[in-house]
Every structure is written in structure tokens, then in C-alpha cells.
Amino acid sequence: MVMIAAMGRNVTGGAQRLAAIATFAGWAAAMTGPASAQPPPPAMPVQPVQTAPISAEPPPSTGGFAPANAAALNAPYSGITYQAAAAGTKINQYGTRSGGRTEDDLLLFQVWVGRLLLAEDLAGFISGSSVLLPLGEFMDVVDFPITVDAADGIAQGWFIKENRWFSLNLGKNSLVINGKDVAFDRSLIEIHGNEIYVDIRMLPDWFPIEYSFDLSNLILELKPQESLPIQLKAQRQNFRKRIFGRPETQTEKLPRAESPPRLIGVPTADIDLTSVFNKSGSATSTVRNSYTAQVSGELLYSSLDMFVSGVEKNNLSDLRVKLDRKDPDGQALGAGFADTVPLAITDFSVGDINPVQLPMISRSRIGRGVQLSNAPLNARTEFDRVTLEGDLVEGWEIELYRNEILIDFLEESTNGRYSFEDVPLLFGRNVIKLVFYGPQGQRREETEIFNVGADQLPVGAVRYRIALNEHDRRMFTRLEDPDNDFEGRNRAVGQVQMGITPALSALATIAHVPIRTNSTSRPYTYVGGGLRFGYSELIGRMDIVNQVDRGWAAKFAAQTRVSGVSVSAEHDIYRRFISEQVDDNADQTLISRTKLRFSGAIPQTFLPRIPVNLDADYERKTGGGSQLTVVNRLSAALGPFSVSNTSTFRKNFNPDSANTTTGDSSLLLSGRFDNIRLRGQAGYSTLPQFELDSFNITADWFLSKTYQPQAGFSRSFGSSRFNTYILGLNIDYPFALIGLNATYQSNGTFTSRMNTSFSLSRDPNSGRFDISSNEIGRSGMVSVLVFLDKDLNGSFSDGDKPLEGVRFRYRRGGSVPGQTGSEGSMLITGLPVYEESELIVDLGSLGDPFLQTEPEGISLVPRPGGMVSYEFPVVSSGEVDGTVTWLQKPEGPPGPVSRIAVQVVRPDGKVIREERTAFDGFYLLDFIKPGKYTLRVSPEDLGKLGLLADREMEIEITGEGTILNGRDFLLTPDPNKPKEPPAAPDDSGAVPEQKTDDKS
């Protein structure tokens, strides 16, 4: 901006615009000459990076979590040996690696500078003992105006100050920083998609930024050697607040794209059709046809969630229907209720609901009923564990990761559902990821972040959950299970929690659930209470539950972090107590349980750093019996693979018979080799003797985007030994996924399967129904329309021009896949539901740098199946320039005033643009959207300096891109506030305090 302002004194505003457009259009072409000989082009106006708000808390301590190879991570890249990237990488035309990695392999990092959270989810790849970061997104995070063009292998711009030029040209093997040629290692750079990924060890040699890692919590902490622009911005905000009394500037909130629930809306549906042929030996062959559909939409002013399935002649074997109103801001029942605590509802659901489980008492059992809660939508009922469950189509498999470590998997669903119960959470940040694998090679992820720490409910805050339903009873269908004598039994659960002090909260629970024991089956009532406390890096709980007419139970637990190791301890006491979480055994009833859990890492040696989890569980039972269970999990990321080995040791102490010892293990592997995704498992026993129980491996070959062959082999050992061979082909058409596979077992069984999966939806902007191979039914969606608003009425009308090729970005970093079509519309899917997403227009995709959108983006909280529609009018912005001078003496010449703010103000008084004058008093305010404004010198600056401006000016910017030159201001001393002449401010960008003769 300073360069453009300086040039602006000798050229007209129109010439400035033409020069800027020419620079914008020909930037890549200007790179054809030697990089070292190219002078930096005029600095382009850069849109400010949108960052996360300044956090009041520093990032979690990384002192104990620094990996053992931290020295290698922080070492300069010069002279290091490159560790091979993901298998299948190829050398591109720039001599760097590309391919072999996909978005499936990305990790998400928090990025901190001191107490300032820069990014919540910066993507990166693990590469040996280091990390590859996307250069373009990283530049956005640190607010360096450096643009990246992966297709041309170019990154160019400036950092910290405009005279510090950065130019990377992979095609010429050239890197120029501050006018000097800098050597770099091509092997530490990879190109994937539309990004250039660089090894983080190179960045300290390029920019004044050191760093440290907390890989266990996926945290990257930057340690700038000079103040970053985002830090200076925060300093300026604090300075202005202190000196001028201005409120601290906050990132302007984007307008909310609302889509109130309708009486009835067009639903979206994910549909799976399956046909299975089976022939076993001489038996008669059979054919089994089935279908499932997951439908999301709007009905009765609520969100509709429906799962329907059918098999063979039973056209409707299962139907689950739920209507819910959810809102993270507590407005599920409308805005009028949000201010009243008991009615500030976040979740109101009716139909086939799935109530949350209660500690020590109940499991989550689906059944028709009603649920009400004001707790955060992702809140846990247990502070150190979480249960994950949901719908799962037949043939799908799931892998469960915690902080990118594979910890569990599920090969098949139960009644169309999946469940991972009581997944332990570590002290600190837990990134829980579910990876779903479909029968046609589909892969999708669901990620949630759980922070386990000392935070408690605010003092006086109340959180509650209430659910009433019928056990295993559906709204419209019955389960065909004659042994389920509990179907239709009434269930009721409730929990309320209240903040007592900043470090302590109390809760109460009540439940009425049917329980099956060895002697009888009947409903029981439970009443309980407990405390939750947290201080520094220690959290704990105490609970006691009374089982009416039977017994009681108590739980004491604590968790902390010691030298980088997460440690938790738990002791339970049971006295004639049974529940859905505590089984009944007539011979040996459980009387106590003690658990210890350690989670840390083995430092790197000749092997990579290996995360370790060790769980010990000791149970005491009536009659003197007891059992010790020890579970050890070793996990590692070996190149492109995730490997996890879980070993379980059990020792049973029997008072009336010999003690028994058993041990078994499971080895899981998942990853990519070249263009092949491999997943495998081996199960084996270790005690009383070593024996291999089973082995299987599956390979998906990404031959092309459309065709993906599949092969698998499994071996079952033990008494029934047989081999299983699998061959398949997955076909990915734009409109559907088709999977064909055949399975042959050495015992003579042959099975063939055909799966077809597709999604149905309707784009409200184009009105077109769409059939897609992507699963979209359960995700959030928004349909956007981008157009050139020629009549400036803010909505699409006759004469307006749809804009093709416009892209969108997430406000906190990351690109949205796809772009607008010839109709100017685009359907964005895959957004998280019931969470705020912020989308902004990628201004670079508009072509003309002076084109602007109003607004720049939107925020939305999408619902599954609830389609949001929004229009983005595009207009040509304008600019205004002039000078600011001051007259110290009536007979003397005016002198320039530097670094004083000139503002563009809307009619409602909001300042929409502000720039400070250059050393000669010149200012340039550009990128002003069409409208009528007031142009003025900052009243705060005038008051502080004791000056008066000769006028304020009314200006108008039209849709043709108005350019206003020579809007000058003359300042004179305020006779009521004599001051010294104004002086230039310091580097923080604020005018320094002046001397005054005012004795008051």
C-alpha cells in the first residue's frame, strides 16, 4: 500500500488502476526472466487474513509433550537426509515430488503465537521425522502477502515489510529472498493439488520464524524472531484502546445465512442398493437383495432424520424416524427462549431418539420418545471418555483414530448401527477421527475435537439433559427379535449439572431403565449425585449412585499430565449394584474395580517415535475371586502407514480352582503404498501359548479416478482352517458408485456382491435435481449464486451476469472444492452440521482485483438436509486519494501531516476503510464498495493532536468503479487545545502522544 501511495502522487487514479490490473494479470508471466534480476512488482493490495480471535489463554503446555526428536524437527534443513515421502510419489517437471498423498493423509494442526491462536486446523503431512505444510495456507496464517501458484511452481510476494521480497520459482530452481539467491533442497518440497508443500525445517532459513511441535496434541507453536503483522495488529489495537479510547478492533462478523425450518422441504437421500449371490457346496444357491436409505430434510418446521432398510420380501425391515430442532446458540425453540436458562434449548428431539448414556448407570438405547437438553451439542456426559455411535450401512467398515493413532476398528454393523463405547480421552486435546470405508471403495471421515482439562462450568450455569423413550421400540416398525422381552419397556434418564465455583461443579442424575439379571428382569430406578473439579493440570470426579431396592455404587477418578505422560486413576465400589454398565453374575458379583491408564511415547531411536497406551484393570468379586487385565497398545506412523498393536493379558484368580492366564493380541495396519491403499489385521494368541488366529489384508488400487480394482486375502487358523480370496472392481461415475466383488472360501463357499450407491438432492438456485456419487445426505449444504450486479440492487435480476469459475475459501484457511458453473451457482457440501462455518469468496478467482463482493462471505450453521441458499452480488470498487496538510501559522505555507488516519464512513457511522497518510501527507483509500459515504480525517487523531479539519466530504462510489482524486484536507490548530506539531508514529502504526501545554 505504501508503494502504491507513493506512485499515486504522479499518476492519475485511473492509471494506477490499469497498472495494478496489468500487474495482477501478468504476475506469473513476469517470472520468465532470471528471478534474481527481477525487481519486485508494485505491491498489490492484499485482503487482510481472517484469523481466529485472540484467545485469552495460551496454548496448552508443550513442555512435557515435545517429541524426542524435537531437535531434529527444529534443526535447519541444510545437510539433513531426506526421508522418503509416501510411496508412489513421482518427480514432476519441477524436479519435486508429487502424487502419492491425498487429503485422506492430512493432519490438522492448531497454530499459536504466544497467546494468539492463528489457526484451528492448518493441514499438513507427516514426512519422516518432520512435517510438510502448505506454503500458501501458511502464508495466510502468518499474514504474509505471498501468493502460491502450484501449477506454475511459483510463490512470490513480500513479508514483514514491502521491501523484503520473496520469490520461489521451482521451474528455474531459483529462490530469491531480499535480493539474494538462496540455495534450497528440492527433495523437501512437494506439490499436491493446488498447493506447494514445504518441509517446515526450511522455513526458519526463509523467514524469521522458529517453531516447536506438540505432536501428541497436534499443536504447532511459532516463535517469531521479529514481530509478525498479526502481532503488530494486536499491538495497534491495544495502543488505540489505551491512547484514543477506541474499543479493541474485532474481526467483523460475517452475516448469518439463515434458513429457518420449513413446514416441508425437498429432502436429500443417500441410497445403497445391494444384491448378493451365495453358493455353498452342493446347497441351493440363494440371492439376497437389500436396500438402505438415509434421508435428511425438513418436516413440521424441524429437521427430519430417517433411516430405512429392507431385505428380500421384507420390504421394510427397519424404519427409524426422528424430528429434531438443534441450535448451538440455545435457540432450538426460537430466539425468544434463548435468554431464559430453562428454555435456552440446544436440542429438542422426538421420534426414534438415542439418549446419551449416564455414568455408571445406562447405555444409549434407541427407541421412540422425546429428548430435551440445553447442554452444548458436543458435550460429554463423562469427563474422560466418550461413546461414539451412529447409523452404518451394511458392508461398511470403520477405523477409530485418536490424535492420528489407530486405536480400534469395526468390520460390520449391528442392526444398521455402529458403536465405540467408552473411548478413553487423554488430558489435553483429543482429535477423534472416524474413517468410514464403503464396499465400493468409498472413504469419508468424521472428526471431533475434545479438550480434557481443568475447565468447569461457569459459576451458576446450569446444564441439563432429559430423555423419555421406549426400549428398542420404533415409531413405525417392530424388531423381529422374539428374545427381546424388553421391547417397549419405558426408559427415563436425566442429568443436571451446575457450576459451584470456578474449579468445582456438581451434578445429579436420575434414571429408570429395564435391567436383566440372572434371576429376574425388571426395571430399576437409580438416583445419584457427584462432583467435578479441576485445578491447573489436575481434573477429578466423585460419584455415588443408589439403586433403589437393591444396592449402591461409588466412583473416584482423577487425571493429570506428568512430564508429557497422561495419567489417570479410577476406583469403583459396588455393593449389590447392577446396571447396563455393570453386569450381573450370580456366582461372582463385582464388588470393586481399580483402573490405571498411562499414555505417552517411546522416544525416537533407530525406530520412530512410538506412542504407548498402558491400561491396567483389577476387579474384585464376591467369593474371593478377582481378575487382572492389562492392555498395552503400541502405535506408530511408519512412513505412509499407521500401525497399531494391542496386546491383552488376563489373570484370573480363582479361590476354588487353579488360576488361569490368557493373552491375545491384534495388529492393525492402514496406509498407502504408491496408488494402493492397504488395510490389514492379524489376530494372535500369546498365552498360554503363541498361536496365530487369523490374518487378513485388503488392497484398493487407484488405477484411475473412475476405476479402482480391489483384492483381498484372509486366513482363518485354529480348528476351522480355510482361506478366503476376494477380487473386486469399484467404478466411480459422477452419478453413482458401483462395486462388484467376488469372494471364494476354500471350504467351497462362493459369494458375489453388487453395490450401487448414490445421492439425490436439489439445488434451490438452479432448481435442478442432482444425482451424485458423493454422500451428502447427513452433511451441511449451501447453494451459492455469484453474479455481476449491474443494477446494484443486491439481488440477481434481469441484466445481471452470472460469473463462472468463482471459488470459495473457508475463512480460517483451506479451499472449498469446486467452482461456480456457467449459471454462476455452486452447491457446497460436506459442511459440519450444527457448527458454524464461515465461507468467503476467493477474490483472486474473480480475475479483476477491483471486483468486490458484498458481503465478502457468510457464516452459517447448517442442518442435515436443510438447504441454505445465498446470493453474492459482485460490484466494481472505487478509490479516493488526496493529501492532508496543516497550517501552523496563517502567513506560513502548509506542511504535510504524516501517519494521520483518513476514514471512509457509512451513513450509519461505521468506519469501513481507514488508511494513514504517507510521509508527504498523501493517502489512498481503495477497494471501496459502491455507496454513499462521508470522507473525513479521524476525529480521534484530531482530538489527540489538538487540530481541526477544514471539512468533511460527502462522496459516492458508483458501480462503474468511481475514482476520486484530489480530496485534500487542511488542518489548523484547535484554539482550545494548543499542541505541538504532529509527529510520525512509531512502527506500531499509531500516532505518538504529543506534548501539551494543557495543565489540567
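**Exercise 1. Locate Leu300 and describe its backbone and exposure.**

Step 1. Leu300 sits in the loop between strand E16 (286–299) and strand E17 (302–311). Helices (H or I, at least four residues) and strands (E, at least two) are DSSP runs, numbered from the N terminus.

Step 2. This is a predicted model, in which local features need pLDDT of at least 70 and side-chain atom pairs count only at pLDDT 80 or more, while totals for chains, interfaces and linings use all residues. Residues are numbered from 1 along each chain as its sequence is written, and side-chain values use heavy atoms, with hydrogens and water left out.

Step 3. Leu300 is not a glycine, yet its phi is positive, about 55°. Most residues other than glycine have a negative phi, and most peptide bonds are trans.

Step 4. Leu300 counts as exposed because its relative accessibility is 52%. The cut-offs: buried means under 20% relative accessible area, exposed over 50%, partly exposed in between (1.4 Å probe, protein chains only).

**Exercise 2. Find which peptide bond is cis and where its proline lies.**

Step 1. The bond from Leu687 to Pro688 is cis, with omega near 5°.

Step 2. Pro688 belongs to the loop between strand E39 (676–687) and strand E40 (691–701).

**Exercise 3. Follow helix H4 into the largest nonpolar core.**

Step 1. Start with coverage. In H4, 7 of 8 residues are buried. Among them are Leu135, Phe138 and Met139.

Step 2. Define the core. A nonpolar core is a set of buried Ala, Val, Leu, Ile, Met, Phe, Trp, Tyr and Cys residues joined through side-chain atoms within 4.5 Å.

Step 3. The largest one has 46 residues, and Phe144, Phe166, Trp206, Phe207 and Leu222 have the most contacts inside it. Its largest share, 5 residues, comes from helix H4 (residues 135–142).

Step 4. Apart from this core lies another, of 22 residues, including Val902 and Ile928.

Step 5. Look just past the helix. Asp143 follows H4 with a positive phi of about 65°. Asp143 lies in the loop between H4 and strand E6 (146–149).

**Exercise 4. Place Gln903 in its sheet and list its partners.**

Step 1. Gln903 is in strand E56 (residues 901–905).

Step 2. The open sheet has 4 strands in the order E57-E56-E59-E61, with antiparallel pairing. Two strands pair if DSSP finds at least two bridges between them. Strand E57 (911–916) and strand E61 (953–957) are the edges, each pairing on one side only.

Step 3. E56 pairs with strand E59 (residues 931–937) over 4 bridges. Across that pairing, Arg936 is the bridge partner of Gln903.

Step 4. Gln903 is buried because its relative accessible area is 2%.

Step 5. The side chains of Gln903 and Glu914 make a polar contact of 2.7 Å. Such a contact is a pair of N or O atoms within 3.5 Å; within protein, one must be able to donate a hydrogen and the other to accept it, and residues adjacent in sequence count only if both atoms are side-chain atoms.

Step 6. Contact means heavy atoms within 4.5 Å. Leaving aside neighbours within four places in sequence, Gln903 contacts residues including Val911, Arg913, Thr934 and Pro939.

**Exercise 5. Decide whether Val435 is buried or exposed, and find its surroundings.**

Step 1. Val435 is in strand E25 (residues 428–437).

Step 2. Val435 counts as buried because its relative accessibility is 0%.

Step 3. Glu445 is 10 residues away along the chain, with 4.6 Å between its C-alpha atom and that of Val435.

Step 4. Not counting residues up to four places away in sequence, Val435 touches Glu397, Ile398, Glu399, Tyr401, Arg443, Arg444 and Glu445.
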